[in-house]
Amino acid sequence: MNLIKTAAGVLNQTPLDWNGNKRRILEAVERARAADVSILCLPELCITGYGCEDAFHSPGVARTAMELLGEIAPQTRGMIVTLGLPLMHRGGLFNTCALVVDGRILGLVGKQNLAGDGIHYEPRWFKPWPENVRNVVKIGDEKIPVGDLLFEVGGVRMGFEICEDAWAAERPGAELARRGVDLIFNPSASHFAFGKHEIRKRFVIEGSRAFAVSYLYANLVGNEAGRAIYDGDAMIASGGKFTALGPRFTFADVHLTVATIDIDATRMSRARVDSYEPLLVDEVEGVASCDFEFPVVDTEAIGAEPPAWESGEFVKEEEFSRAVSLGLFDYMRKSRSRGFVVSLSGGADSAATAVLCKTALQMAWGELGRAAMQEKLLYLGESSAASSVEELAAQLLSCVYQATRNSGEVTRNAASSLATALGADYLEFDVDAIVESYKSLVAGALGRELTWETDDIALQNIQARARAPGVWMLANVRGALLLATSNRSEAAVGYTTMDGDTCGGLSPIAGIDKAFLRRWLRWMQSHGPQGVGPLPELEAVTAQEPTAELRPAAEMQTDEGDLMPYDLLDAVERAAIRDKLTPIEVYRRLSPQFGHYATEQLVGWIERFFRLWCRNQWKRERYAPSFHLDDENLDPKTWCRFPILSGGFQRELHELRRLVSEIEQTADKR
């Protein structure tokens, strides 16, 4: 046996936080050294942070990153460490990863496949490194090889697949295997999305099997730059089997997943593969070599098993709870906000937002403990010295019920009981007089009375807008983060009031549909995340039909009455926006599933969706930042672009009506 102790480290980095990023990298190095780890893989672009956006275009960023590499490298003595950073070379900027051995930079590998889809814009900043090309770059007084390299360190061959490289059809790992590598590093910045964990597991395990190597995968964790949430997901595999799987959604700044790999076993596994044809030509170029003395390892270190919730019945509910909670917690502390303010209406959306805030505090406290939690929140001053999570919630979560004459006791009681159950600071504002003053102001200027018959939308909107200044003021007074409470289904059709329920610095549930939110709330009521538990008081919320509660109570206003059934709305949205189907194609796809509705009704709802979608792109452009959760995201700044002004699908909707007319005529003839 030839045993080597390895680790995949996840880091909670922040773009351009030079000192903080360096501190966390060095903490990972010291933890690895204390665990007798010889090889440590850290995430992609961990020196700068991945989400620097157009700051990558600043020459100073690449220059400072290189300075930090020089500061960090000497502190890796006795170890082999990967460190990601941008490299300016011959007029191009490259996404590279340095291999540092025993305090010395041995070489840098350039990423060959850039992520340019979805929320990724790497080709905007970086150039792909061409296959089989090697150059030399001067770092200080040394000439360091850079490019499509592999490394031979202490007789062990190592290579890189940097994040997207492993997702490409032609992975660099295949050529690395032919060149006899024993170990492949994958430093990644792979954002969370529902179901993505299983895809990563497949390419790690398959890479280790097909290439007959040991495979180290290290990812970012936390809310790095504002929108994308990283779940960590460190993995180590050898010969088609996992040796270690790290936890996901950790609130810790640094976490190491440690495992021992057997180089002899890896090589023998490769030798037994009939199709493996080693490259027998002596390589001079493309291999950076150095001596290294691996310490003797006589015991195997095996990583912990993944938590039970990852294989349970409610994986999506658990992932949603953990991803958004981690995103909220990091957003609060990285923006140095002194807690959260939620305008709590008593309905599902604001309830979900408030529950997620408390869940974030519970999960962080439960994992980190009092001392580490206080250290993370030192900027809060006395508030960081809370002796319990309940005390912390009372200080950091404010919920405000804002009543008008159209508000009812059902929603008031739901808001009050939920806020009490969460341990939040609960306030009530009566904004009816403010609404009436605006109505009188405009009516006096127009010289006529405003009525529900003639001014329905205006009278609804002024109530939502009148609620904004008070909660903004409260958030300002407390230095807290005001959270908007609109969901994705509302964003799709513009069923929201700009400068009303959209007001806030962050919109944490704008990436999830209303149907799932309602299901999630019922699950929170009866089950809740592992380690947190249920919240029975949500029954006062889940028992209601969703309503904006902006019209007089006698009108029995409901969201679905204003729009359409939410399950249908979400199905139309997926077909029309995610899958880019025309109105006719949407109708053909959905008519079998929703055949219990009359054809005229179904077509009317499809028409309504397309018209509202086009009419309200300007609203989506103005939404506060939201979290990316899946490929149904509607955020035009990162995922789903659509023109603010368009033809409104008029031709396509006319074709839909003509098709339905033909269907009805055929039916009449029968």
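Here's a quick briefing on the fold, one pocket, the cysteines and one loop residue of this chain.

Keep in mind that you're looking at a predicted model. The chain has 670 residues, and its radius of gyration of 28 Å agrees with the value near 26 Å for a compact globule of that length. Within it there are 22 helices and 21 strands.

**Overall build**
- If you lay the C-alpha trace along its principal axes, it spans about 90 × 70 × 45 Å.
- Buried residues make up 58% of the chain.
- Take the contacts with a separation of 6 or more: 73% of them come from residues 24 or more positions apart.

**The second largest pocket**
- Rolling a probe the size of a water molecule over the atoms shows where empty space is left.
- The second largest pocket has a volume of about 620 Å³.
- Its lining counts 21 residues, and the closest to the centre are Arg23, Arg24, Asp253, Arg333 and Lys376.
- Helix 1 (18-34), helix 7 (315-334) and helix 8 (348-376) are the elements that each give two or more residues to this lining.
- Helix 8 supplies the largest share, with five residues.
- Sorted by chemistry, the lining of this pocket has 12 charged residues, seven nonpolar ones and two polar ones.

**Cysteines without partners**
- How many disulfides does a search of the whole structure find? The count is zero.
- Cys399 is in no disulfide, and the nearest cysteine sulfur, in Cys357, lies 7.6 Å away.
- Cys399 is also buried, with a relative accessible area of 0%.
- Why is there no bond at Cys640? Its sulfur is 11 Å from the closest cysteine sulfur, that of Cys614, and that's too far for a bond.
- Cys640 counts as buried too, because its relative accessible area is 8% and the cut-off for buried is under 20%.

**A look at Ala212**
- You'll find Ala212 in the loop between helix 5 (196-210) and strand 11 (214-218).
- Is Ala212 buried or exposed? With a relative accessible area of 4%, Ala212 is buried.
- Leaving out residues up to four places away in sequence, Ala212 touches Gly207, Thr266, Ser269 and Arg270.
- Ile105 sits 107 residues from Ala212 in sequence, and their C-alpha atoms are 27 Å apart in space.

Technical notes
Residues are numbered from 1 along each chain as its sequence is written. This is a predicted model: local features need pLDDT of at least 70, side-chain atom pairs count only at pLDDT 80 or more; totals for chains, interfaces and linings use all residues. Side-chain values use heavy atoms; hydrogens and water are left out. A disulfide is a pair of cysteine sulfur atoms within 2.5 Å. Buried means under 20% relative accessible area, exposed over 50%, partly exposed in between (1.4 Å probe, protein chains only). On a 1 Å grid over the protein atoms alone, a cavity is a set of points where a 1.4 Å probe fits but cannot get out, and a pocket is an open set with protein on both sides within 12 Å along at least five of seven lines; lining residues have an atom within 4 Å of a point. Grid points are joined across faces, edges and corners, and a volume is the space filled by probe spheres set on the points. Helices (H or I, at least four residues) and strands (E, at least two) are DSSP runs, numbered from the N terminus. Ala, Val, Leu, Ile, Met, Phe, Trp, Tyr, Cys and Pro count as nonpolar, Asp, Glu, Lys and Arg as charged, and the others, Gly among them, as polar. The radius of gyration is taken over C-alpha atoms; the globule rule is 2.2 Å times the number of residues to the power 0.38. Contact means heavy atoms within 4.5 Å.
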